[in-house]
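User: I would like to learn how to read some features of a protein model. Could you take me through them one at a time?

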Amino acid sequence: MNRNDWEAANGHKGGVFWFTGLSGAGKTTLSRMAEKELLNRGIRCIVIDGDQLRQGLNQDLGFSENDRKENMRRASEVAMMFLNAGFVVLVSMISPSRTVRDKIRHRFQADEFAEVYVKCSLETCERRDPKGLYQKARTGEIQGFTGIDSIYEPPIRAELTINTEQESVENGMHALVEFIIKNYAGSAQKERIL
């Protein structure tokens, strides 16, 4: 089967939604909640989580600039495979480099890719610190941590920005799901689920 066959069987088009933001901004939480909501609405969907990739497929990579680029390249390859099977793909990764994100963007067609900026200040992310990583970075236990001693470049042209300091995760998730359905899921699917 080719992608058109899969999309016809699914009743909706596929798309890749690349979440970027600092650690603790809410990328994984948003993507997991959106995945559940999309599945409830009959949309085949999967989350590709950066932490999970590093525990499996990318466990051979460190945090050098080249390793970070390769981490993102591999994630984009996996996303492309799911896209070709007609899935809506939610990729949740810090993705600190604007240049690398732009290279990934250009691998996809404009109507099948969107960058989702999960915006949250460094101070708030540090207060949340769900994995204790910022504390380890501040004490020198972790080197090259994004936002502390490694740069994070916010998107310039994200298709969707969700500010998790200003709105609840639930509201952000609903905005994301409606954005996906309205702009990417295809008219046959929109008519069926709205």
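**Pockets, cores and single residues**

Analyst: The largest pocket is lined by 30 residues, and S23, D51, F63, I94 and K131 are those nearest its centre. The model is a predicted one.

User: What is the volume of the largest pocket, and how does its lining divide by class?

Analyst: The volume is about 660 Å³. The lining of the largest pocket comprises 13 polar, 10 nonpolar and 7 charged residues. Among the elements, α2, α3 (50–55) and α4 (65–84) each contribute at least two residues to that lining.

User: Which residues line the second largest pocket?

Analyst: The lining consists of F63, S64, E65, R68, K69, M72, P96, S97, V100, S150, I151 and E153. Helix α4 gives the most to it, with 4 residues. By class there are 5 nonpolar, 3 polar and 4 charged residues, and the space in the second largest pocket is about 180 Å³.

User: Now the interior. Which residues have the most contacts inside the largest nonpolar core?

Analyst: A nonpolar core is a set of buried residues of nonpolar kinds, joined through side-chain atoms within 4.5 Å. In this model the largest such core has 31 residues, and F17, L38 and L90 have the most contacts inside it. At least two residues each come from β1 (15–20), α2 (27–40), β2 (45–49), β3 (88–92), β4 (113–119), α7 (133–138), β5 (160–163) and α8 (169–183). Of these, α8 gives the most, with 6 residues.

User: Which residues is L90 in contact with, beyond its neighbours within four places in sequence?

Analyst: L90 is in contact with F17, F19, S31, A34, E35, L38, C45, I46, V47, I48 and I180. There is also a second, separate core of 19 residues, which includes I48, L53, A75 and I104.

User: Next, burial. Is R105 buried or exposed?

Analyst: The cut-off for buried is under 20% relative accessible area. R105 has a relative accessible area of 10%, so R105 is buried. R105 is in helix α5 (residues 98–105).

User: What does the side chain of R105 join in a polar contact?

Analyst: The side chain of E159, at 2.7 Å. Not counting residues up to four places away in sequence, R105 touches F113, E115, R157 and E159.

User: K103 is in helix α5 too. Is K103 buried or exposed?

Analyst: Exposed means over 50% relative accessible area. K103 has 56% relative accessibility and therefore counts as exposed. K103 and R73 are 30 residues apart in sequence, with 9.1 Å between them in space, C-alpha to C-alpha.

User: Let us turn to the backbone. What is the phi of S95?

Analyst: Phi of S95 is near 50°, a positive value in a residue other than glycine. S95 is in the loop between β3 and α5. With a relative accessible area of 3%, S95 is buried.

User: Last, the ends of a helix. What is found at the start of helix α1 (residues 3–10), and which residue follows α1?

Analyst: At the start of α1, a side-chain oxygen of N2 comes to within 3.0 Å of the backbone nitrogen of N4. G11 follows α1, and its phi is positive, near 85°.

How values were computed: Residues are numbered from 1 along each chain as its sequence is written. This is a predicted model: local features need pLDDT of at least 70, side-chain atom pairs count only at pLDDT 80 or more; totals for chains, interfaces and linings use all residues. Side-chain values use heavy atoms; hydrogens and water are left out. Buried means under 20% relative accessible area, exposed over 50%, partly exposed in between (1.4 Å probe, protein chains only). A polar contact is a pair of N or O atoms within 3.5 Å; within protein, one must be able to donate a hydrogen and the other to accept it, and residues adjacent in sequence count only if both atoms are side-chain atoms. Contact means heavy atoms within 4.5 Å. On a 1 Å grid over the protein atoms alone, a cavity is a set of points where a 1.4 Å probe fits but cannot get out, and a pocket is an open set with protein on both sides within 12 Å along at least five of seven lines; lining residues have an atom within 4 Å of a point. Grid points are joined across faces, edges and corners, and a volume is the space filled by probe spheres set on the points. Ala, Val, Leu, Ile, Met, Phe, Trp, Tyr, Cys and Pro count as nonpolar, Asp, Glu, Lys and Arg as charged, and the others, Gly among them, as polar.
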